[in-house]
Amino acid sequence: MARKKQQATWGGRFSAGPAELMLSFSESVSFDARLAPFDIAGSKAHSAMLAHVGLITAAERDAIHAGLDVIAEEVAAGKFKWNPALEDVHMNIEQALTKRVPAAAKLHTARSRNDQVATDMRLFFKWACVEVDGRLAEAQKALLALAEQDGEVMIPGYTHLQRAQPVQVAHHLAAYLEMFERDRARFAAVADHANWCPLGAGALAGTTLPIDREFTAKTLGFVDARGRPRVTQNSMDTVADRDVFIEFATACALVGAHFSRLAEDLILWSSSEFGYINLPDTFCTGSSLMPQKKNPDSCELLRGKAARLHGNLTTLLTMVKGLPLTYNRDLQEDKPPVFDSFDQTMTCLAVVAGTLTGAEIRRDRCAKAVADPALLATDLADYLVEHGVPFREAHHVVGAVVKLAETSGVPLNELATADVQQIHPALGDDWASVFDLERAAARRTGTGMPGPKQVRRQLARWKKRLG
Ligand code: ARG
């Protein structure tokens with residue numbers, strides 16, 4: 001009976017309370033307690049609306065608000081006593097409020113936990129997207145700082161992990177600036193999609209009571225750019241929909257894909273084989289056995305965490321695919337993957353920034369790697385094009401020149417002019433001038449290309465954007 005009494009919210013039709021095992025199995029307060037600030041904001045708006053339409057009095061509303069404020073303070077101070085027997089954040093707060101404020105018995109008028117949890121999560125997503133955006137900006141700033149510090153250094157760019165064409169370090173790093181910028185736009189879109197108020201959908205079929213959904217939406221900031229309220233348009237969809245959860249997890253998963261690729265580049269660059277970068281000691285670890293080791297653990301963990309983010313997305317997609325309308329308790333399991341994606345993304349982006357800050361480009365090693373004249377073989381083909389040779393033929397000709405260099409063991413740019421002219425007469429006496437690295441870079445003047453002018457222009461754009 002004691003347990004039945006604790007379940008005052010729905011215990012009426014039950015003759016026995018839940019088994020201990022069922023209680024621990026079904027509680028969610030251990031992970032949804034973090035929704036408390038959003039839950040309280042939702043309850044304040046809902047009770048304000050109830051008073052606005054006359055379902056409760058102004059005095060009742062004020063008492064509810066005062067009680068919720070006290071609970072909010074207790075939660076913030078870590079003093080609130082969460083009770084797993086009360087299942088979730090919603091019932092914990094409502095019961096604590098009811099103990100202090102008699103009017104709290106009216107708070108759940110025209111509301112279900114189904115539209116309540118949907119509201120809490122939409123408020124959470126709007127907040128979380130801004131938080132992640134801030135961390136993305138920090139990671140971008142760290143990329144930009146490294147690009148400004150050592151960016152003009154040339155390295156080979158790769159395709160198939162084979163040396164391809166020379167690029168500036170800044171150009172390579174700025175590729176990740178673009179990725180994170182797209183991520184920021186994606187989170188802004190997720191926040192916009194979250195910006196619809198579910199309250200009023202009830203359990204699934206709304207309410208017979210004369211509520212004002214638009215009032216609640218406005219109070220909670222679910223408004224468009226012109227301040228007009230945005231309320232969800234189908235009560236069944238409202239409580240069944242988990243699209244924003246999936247979109248948020250997708251956005252996190254893509255951030256993960258991006259920082260994982262960056263991590264992989266840094267792991268390669270910091271290996272003895274490449275030697276392009278020294279990672280800061282503060283984000284590396286040693287070996288318990290091999291005294292000489294300095295391992296790029298932060299980068300490896302970033303790669304590993306990305307897998308976790310992708311797993312969370314898969315969990316959510318799998319969860320919803322077979323669910324009949326509308327709310328099913330399965331959906332309680334939507335929160336752990338979302339919170340985990342948020343927490344891990346936040347931490348990972350801080351680690352990205354930390355690892356990049358204090359990294360040093362090893363100019364000598366980069367210069368050595370980029371000195372290979374074969375990296376400019378394509379420029380030689382372009383030279384032939386400029387001398388009237390069709391590109392396909394030029395490609396073939398340069399292939400033969402490369403082959404000659406390889407078989408004779410002579411660097412490409414040191415072949416005898418007479419020998420290369422035998423391969424094609426359009427190779428003039430100045431043919432080897434294309435192998436001047438600076439000249440080759442300077443000729444790449446188009447938008448998005450790795451010429452020094454372009455790269456400088458891009459960095460200036462990023463500096464302006466990131467402040
Ligand atoms: N803790 C629940 C969840 O997160 C709240 C909604 C419960 N609704 C219900 N009909 N049992 O999904």
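## A hairpin to start with

T159 stands opposite Q162 in strand β2. That's a handy place to begin looking at this predicted model. The partner strand is β1, covering residues 154–159, and 6 bridges join β1 to β2. The two strands run antiparallel.

What sits between the strands of the β1 and β2 hairpin? There are 2 residues there, and H160 takes a positive phi near 55 degrees.

## Zooming out to the domains

The protein chain splits into three pieces. Domain 1 spans 21–109, domain 2 is made of 114–151 plus 165–367, and domain 3 runs over 372–458.

Now let's look at domains 2 and 3. Their centres, taken over C-alpha atoms, are separated by 43 Å. The contact draws on 7 residues from domain 2 and 13 residues from domain 3.

## Where domain 2 meets domain 3

People often describe how big an interface is by the accessible area lost when the parts come together. Here, domain 2 and domain 3 bury about 710 Å² between them, with 61% of that on carbon and sulfur atoms.

Which elements supply at least two residues each to the side of domain 2 that touches domain 3? They are β2 (162–168) and α8 (169–194). Strand β2, our hairpin strand from earlier, gives the largest share, with 4 residues. Sorted by class, this side of domain 2 has 3 nonpolar, 3 polar and 1 charged residues.

How many salt bridges cross the interface of domain 2 and domain 3? The rule finds 0. As for polar contacts, the count between domain 2 and domain 3 is 1 residue pair, with both residues at pLDDT 80 or more.

Definitions and conventions. Residues are numbered from 1 along each chain as its sequence is written. This is a predicted model: local features need pLDDT of at least 70, side-chain atom pairs count only at pLDDT 80 or more; totals for chains, interfaces and linings use all residues. Side-chain values use heavy atoms; hydrogens and water are left out. Domain bounds come from an automatic or database domain assignment. Contact means heavy atoms within 4.5 Å. Buried area is the accessible area (1.4 Å probe) that two parts lose on being put together, summed over both. A salt bridge is a side-chain nitrogen of Lys or Arg within 4 Å of a carboxyl oxygen of Asp or Glu. A polar contact is a pair of N or O atoms within 3.5 Å; within protein, one must be able to donate a hydrogen and the other to accept it, and residues adjacent in sequence count only if both atoms are side-chain atoms. Ala, Val, Leu, Ile, Met, Phe, Trp, Tyr, Cys and Pro count as nonpolar, Asp, Glu, Lys and Arg as charged, and the others, Gly among them, as polar. Two strands pair if DSSP finds at least two bridges between them.
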